[in-house]
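Dear colleague,

I am passing on a structure that I would like you to look through at your own pace. Please open it first, and then read my notes below with the structure beside you.

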Amino acid sequence: MVQPLPHLLKALDEESMDVIIGFKEKDTRKTSASYREICQVPLVCVCSPESPLARKSQVTVQDLQEEKLVLNNPIQLPTELIHFQNDLLNGRSPWDFYFCEAPESVLTLVEAGYGISLLPSLLLPPDGRLIHLPVDGGPVFSYGLYFKDMLNNPVLKEFIHLLRQTDLSQL
């Protein structure tokens, strides 16, 4: 199970971890950790090639409200995405959405035609079996590193330098 960010930040403050890689959260006031962005990650709609949305170049919130949704466990998502998904779920029947424990499970259900999903593009493999569409007006997430003390940790400093030079879209 993935730990929520507050638990990981506590481990960082206690110096049992040197770095956390993840999405930036707005409320990190209870930590002395610093944050350094590596990249911006857009939200995308993921659908099977057979979905009616697959013919579009981008999707709107209105398009999403008419589809069954396959959603990832909220504990693993950026808070901004949780709020976006909650807005889409508001007033819908429980039969209109599925929750999965991992992005891999989400992608399996989407590929099988159970619905569409909304994920940060960084979590998607570029395998070509699924369509990835930009979401008009959807959030863009900051992805980066939380760390406590880079000055006294040359290995961490070098790690951050190397990671910033990496093209994350190739991972």
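**What packs around α4**

The buried residues of α4 pack against β2, β3, β4 and β5 (117-120). Please keep in mind while reading that this is a predicted model.

Helix α4 spans residues 103-111, and its buried residues are Pro103, Val106, Leu107 and Val110. These residues lie on the same side of α4, because they cover an arc of only 95 degrees around the axis. It may help to recall that an α-helix has 3.6 residues a turn, so residues three or four places apart point the same way. On the face of α4 that is turned away from the buried side you will find Glu104 and Thr108, which are exposed. Just after α4 comes glycine 113, which takes a positive phi of about 90 degrees.

**A second helix with a buried side**

Helix α3 can be read in a similar manner, since here Leu81, Phe84, Gln85, Leu88 and Leu89 are buried. They, too, sit on the same side of their helix, because the arc that they cover around the axis of α3 is only 140 degrees. The elements that cover these buried residues include β2, α2 (61-64), β3, β4, β5 and β7. After α3 follows glycine 91, and its phi is positive as well, near 80 degrees.

Helix α3 also belongs to a right-handed β-α-β unit, which it makes together with β3 and β4. The strands β3 and β4 (residues 97-100) run parallel and are joined by four bridges, and within this pairing leucine 71 stands opposite phenylalanine 99 of β4.

**The nonpolar cores**

The largest nonpolar core has 23 residues, and those that touch the most other members are Cys45, Leu64, Phe84, Leu118 and Val135. Two or more residues of this core come from each of β2 (34-47), β3 (69-72), α3 (79-89) and β7 (140-147), and the largest share, five residues, is given by β2.

Which residues does cysteine 45 touch, if those up to four places away in sequence are not counted? They are Leu53, Val59, Leu64, Ile116, Ser117, Leu118, Ile131, His132, Leu133 and Val135.

There is also a second, separate core of 10 residues, and among them are Val46, Cys100, Val106 and Leu130. One of these, Val106, is a residue that you have already met as a buried member of α4.

With best wishes

Key
Residues numbered from 1 in each chain as written. Predicted model: local features only at pLDDT ≥ 70, side-chain atom pairs only at ≥ 80, totals over all residues. Heavy atoms only, no water. Core = buried A, V, L, I, M, F, W, Y, C linked by side-chain atoms within 4.5 Å. Buried < 20%, exposed > 50% of the residue type's maximum accessible area, 1.4 Å probe, protein only. Contact = heavy atoms within 4.5 Å. Pairing = 2+ DSSP bridges. Right-handed = clockwise from strand over helix to strand, strands pointing away. Arc of directions from axis to C-beta.
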